[in-house]
Each structure stands twice: as structure tokens, then as C-alpha cells.
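Here is a short report on strand pairing. Look over the sequence and the model first.

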Amino acid sequence: MSSFVNGSLPVSDAWAGYLAHAQANLPDKTRLIILLLVNIPVIAVILNVIRQLVIPRRATDPPEVFHWLPIIGSAISYGNDPLNFFFDCQKKYGDVFTFVLLGRKVTVALGSKGNNFVLGGKSTVFNAEDAYTHLTTPIFGKDVVYDVPNEVFMEQKKFVKVGLSTDNLRAYVGMIEDEILEFMNNDVNFKTYQMDDINEWGTFDVVKVMQEITILTASRTLQGKEVRENLNKSFAELYNDLDQGFTPLNFLFPNLPLESYRRRDRAHVKMSNFYVDIIKKRRAGHDDHEHDMIAALMQQKYRSGRPLTDKEIAHIMIAILMAGQHTSSATGSWALLHLAANPDVAEAVYKEQVEHFTGPDGKMRPLTYEELRNLPLLDSVIRETLRMHPPIHSIMRYVRDDVPVPPTLAAPSKDGVYIVPKGNYVLASPSISQMDPKVWKDADKWDPYRWNDSEGIAAQALKMYVDENGEKVDYGFGAVSKGTESPYQPFGAGKHRCIGEQFAYLQLGTLIATVIRHMELRIEKVPEHNYHTMITMPKHPRTISYRRRHFA
């Protein structure tokens with residue numbers, strides 16, 4: 001039905017008449033310029049298609065994904081659902097192909113061999129700093145992580161590893177459990193739980209709750225008592241402003257003149273000063289604070305003999321806070337959603353705790369580090385959740401020199417092996433190898449029990465990931481498993497493998513155990529993935545129903 005102008009002519013007729021009148025009275029040159037401007041996008045699309053279909057590419061270039069829009073390329077398909085995009089491209093082009101992402105050429109290498117090619121490559125050629133520093137440096141700060149040469153970053157990872165000692169991890173379990181219980185007993189999201197009525201059901205937004213619990217538990221343990229004591233509204237606003245700089249938009253466009261970018265920069269300065277003030281007060285007061293990361297970093301020195309500056313410590317602490325909070329809150333959310341959708345598994349996790357922790361008085365005693373590591377079903381729940389929902393679906397590196405693709409990854413063409421050109425990005429996707437139906441039986445099904453089969457693919461993948469069949473590599477922060485050929489890589493692999501993995505398992509295990517020990521959970525369906533965030537989160541609705549266990 002047409003709308004009307006002044007109750008008479010349809011808008012379309014009025015607009016057509018206006019255009020005809022305007023064209024009749026414009027000079028010929030002006031009409032030509034307008035015609036060209038209107039048709040430039042169409043011409044660009046046509047030329048882009050001709051380039052792909054008619055102009056031959058270099059024989060050594062990997063196949064390029066066909067795309068209609070120049071510059072934009074495949075950004076929309078990739079951004080909306082990267083896994084489907086990768087699987088579709090894999091069927092058409094094989095395990096190695098290139099796609100255009102907002103002007104960047106990204107060469108993808110899929111499967112476990114693709115992961116090994118990218119993540120096991122030399123950092124001087126496949127460079128992480130060039131790929132990520134424009135995103136991370138404004139948030140974390142100067143002189144740390146990707147803002148320094150790789151060898152310096154490896155030393156900084158060694159310093160952080162000192163703060164993740166076994167003694168510290170033992171101390172953290174009780175702290176994390178205490179924080180979770182305090183939150184459940186006082187937060188508005190758990191009013192029904194606080195009523196002590198085992199027949200009444202309540203609800204909570206799992207992502208919102210997990211984000212709050214994760215930052216509380218991390219600040220109580222790694223960050224130190226001063227950070228925990230200052231978790232007020234002001235700190236939350238600073239964190240939120242900093243967090244708004246950790247988005248796909250910031251990765252693709254690092255210097256837009258937007259207010260969110262300015263808030264990010266102001267928040268970084270304030271957060272950095274906050275940590276520096278803590279460090280200065282500790283140096284003046286000679287406090288030990290033996291179980292937190294700041295204390296560990298204050299004692300470290302580079303190989304040159306130089307100690308870390310207060311700014312470096314502050315910026316490393318910001319990096320730990322930001323990176324760890326996102327991954328743990330996402331994985332904790334997915335785990336609770338799956339347990340809520342599979343109450344039989346949740347009940348088995350609860351019974352596992354009853355069996356291991358019930359004391360002579362009939363009550364369950366607090367968790368301990370050693371006992372938490374010996375709960376096989378709880379461990380399987382975490383591993384299966386990480387298999388289906390690794391926090392990061394794409395890991396990129398910038399290509400500094402031409403690199404040939406191994407024949408074992410992509411069969412050579414009639415003109416020889418493919419070469420990834422200098423200036424491209426390369427991309428590995430652990431999500432693809434972890435969801436590959438050719439590797440995993442019922443890959444789309446969340447099944448923690450697959451990890452109990454000692455001869456199954458899960459056990460084999462885990463062995464490769466944990467010890468690479470005995471192969472250990474020291475990248476400068478201690479011997480770790482290389483793990484780059486395993487089809488299971490939830491924390492990455494190679495020299496950039498996350499060193500916070502042990503703490504993450506500890507934090508997640510304590511979280512899941514504490515929640516399941518005290519509450520029953522229900523949800524009709526696990527939500528779909530939201531790929532529009534840097535860390536893969538569940539879409540709405542993500543509200544879990546709960547009620548208090550009568551044994552809690």
C-alpha cells in the first residue's frame with residue numbers, strides 16, 4: 001500500500017516527477033557526474049567480480065573465496081557465523097584458502113595440521129605482535145604482551161608462571177569457594193536461594209552472574225586484597241570502559257574517533273595508576289602478600305638483571321584481569337547452561353561430590369586442590385565444554401615473509417606448492433578441529449562421557465595436547481607441551497599457549513562444583529553462539545532456572 005504526500009500523489013510518483021524535473025534543468029556535466037557517483041558501487045562490484053573470474057591468479061596463491069563486495073569481502077559471512085563459513089569453504093576449496101576481510105587477505109589453514117602450520121610456525125615469520133598489538137596495547141598498556149618483542153613477552157610469561165605456583169593454587173581453592181558462597185548468599189540474582197525454600201524456583205542471567213563471580217574470584221586470588229577491597233561501582237565503570245575497547249570493531253579499526261575509544265584510553269590511564277599506587281605502597285611498607293600475582297611480579301628480574309618497572313607490573317596485571325575474566329566467564333556460562341539442559345549429568349556431578357566429600361556428620365566438607373583434581377566427571381564436563389565452546393574461534397598471525405604450505409596440509413597444484421604471501425594474515429581455528437565430524441563422533445553433541453574412553457579420540461587428543469607424546473618445549477617460560485598437532489586446543493598451542501590454563505581449570509572446577517553442590521539447574525535449550533563479540537558468548541535468552549538443594 002502506497003503512502004501519500006499531502007493526501008494526493010503517492011510518494012514514488014512524486015519522487016519520480018521531482019527527479020525528472022531536476023534532470024531536465026541540470027547541466028549535462030552535472031548530470032554525468034551524478035550518474036557516475038550513483039553507479040560507482042555497481043561498477044566496483046562488477047570490476048571485483050571480473051577480477052576474480054577473468055584475471056588469472058598466481059599459480060602459487062591458495063584459492064581465494066569468491067566475494068561480491070570489494071574490500072568488505074567475506075566479512076559479513078565470517079562475522080555472523082565463522083564456523084559455518086569455514087566448513088563451507090573447506091568443502092569448496094580444501095583446508096587452505098584465502099578470504100578478504102575488510103581489505104585484509106587472510107589465509108586459513110584448517111584441521112590439526114593447519115593448527116600446527118600456524119601455531120607451530122616461527123614467530124619471526126608468523127608474528128603475533130603485528131597481528132594483535134593495535135588491539136591489546138591500548139587496553140593492556142605499553143611495554144607488555146604484544147607491545148614488546150617476542151623474546152621479552154616470553155620472559156614476562158615466565159614471571160606470571162611464578163605467581164601460579166602449586167602452593168598458590170592450593171590457597172586459591174578456598175578463596176574462590178568463599179567468594180562464590182558469599183555472592184550466592186547476598187546477591188539480588190539469588191533471592192530465591194536466600195529464602196532457604198527448596199521448593200521455590202528462581203532465575204538468573206548466567207552470563208551476567210558469571211562475569212561478576214569471575215572478577216570477584218580473580219581479584220580475591222591473583223589480583224590481591226587491595227583490588228578486591230576496591231571492587232566498587234567506580235572500579236566497575238573503569239573496567240567496563242576498558243572492556244568496550246576489546247571488540248571486533250577495535251580489532252578491525254583501531255583508531256576511530258569515537259567516544260568509546262576515548263573512554264577506553266581514559267580508563268586505561270586510571271586503571272594503570274590504580275595498580276601503580278598499590279605497588280608503591282607495598283614497596284614502602286614491605287608487605288609480603290605471598291599468594292597474589294603482584295607480589296610475585298615485584299620479585300622478578302629480566303635476564304639482563306633489570307627488575308620490572310611499576311608500570312610493567314601494572315600493565316601485566318591489567319592484561320591478566322582482562323584476558324582471564326572473559327575466557328573464564330564465557331566457559332563457566334556454557335558449562336552451567338549445558339548442565340542445566342542435561343540434569344542427569346548435573347546429578348551425576350553432584351553425586352560424585354557426595355561420594356568424595358561427605359564427612360562423618362553427613363555434610364560435605366570444603367573443596368581442596370588435590371581432591372578437585374581427582375573428580376573425573378567434573379573434569380570431563382569442563383573439557384567437553386571447552387571442546388564445543390573454545391573462547392576464541394580464530395587465532396591470527398601476520399605473515400612477514402613468503403611461506404610455502406606443507407604438502408601434508410594442502411596437496412600441491414600442477415604448478416607446485418601453495419605459498420602464503422608476505423603481507424597476508426594466517427588464521428588457525430581450533431574450533432574447527434574440535435568440532436570436525438570426521439574426527440569426533442557426534443561432534444555437535446555435548447557428551448562429557450566421551451572423555452572416559454581411554455581408547456577414544458578424546459583421550460588421544462588430550463594426550464597430544466597435554467604432553468605431545470612426550471615432546472616438551474621451553475619457549476623461555478619453562479618446559480610446556482607443544483600440543484600444536486592435537487585436534488583439541490582450547491587454550492591455544494605452541495609458544496603462545498595460555499599459561500593461565502591451570503588456574504582456569506581450578507577456577508572453573510571450583511565454580512561448577514560449588515554451584516552444583518548447592519543448586520539444581522534447569523533450562524529448556526542451550527542458546528546459540530554469539531559471534532559478534534571477541535570471546536564467543538551465548539545469545540539471549542540465557543536465563544537459567546534454579547532451586548536450592550535440600551542437602552546444601
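Two strands pair if DSSP finds at least two bridges between them. Strands (E, at least two residues) and helices (H or I, at least four) are DSSP runs, numbered from the N terminus. The model is predicted: local features need pLDDT of at least 70, side-chain atom pairs count only at pLDDT 80 or more, and totals for chains, interfaces and linings use all residues. Residues are numbered from 1 along each chain as its sequence is written, and side-chain values use heavy atoms, with hydrogens and water left out.

The pairings below are antiparallel.

| Strands | Bridges | Opposed residues |
|---|---|---|
| β5 (residues 126-127) and β7 | two bridges | Asn-127 and Tyr-398 |
| β7 and β10 (residues 425-428) | four bridges | Ile-395 and Ala-428 |
| β6 and β16 (residues 543-548) | four bridges | Gly-202 and Tyr-546 |

Take β7 to start. This strand spans residues 395-399, and four of its five residues are buried (under 20% relative accessible area; over 50% is exposed, partly exposed in between; 1.4 Å probe, protein chains only).

Now the three-stranded sheet. It is open, runs in the order β6-β16-β13, and pairs in the antiparallel sense. β6 (202-205) and β13 (519-522) are the edges; each has a single partner strand, so one side of each lacks a neighbour in the sheet. Neighbouring strands here are turned by 35 degrees against each other on average, direction ignored. Axes are lines fitted to C-alpha atoms, for helices over the stretch in contact, and angles run from 0 to 180 degrees between N-to-C directions.

Helix α10 (residues 206-223) packs on this sheet and touches β6 and β16. Contact means heavy atoms within 4.5 Å. The direction of α10 makes about 70 degrees with that of β6.
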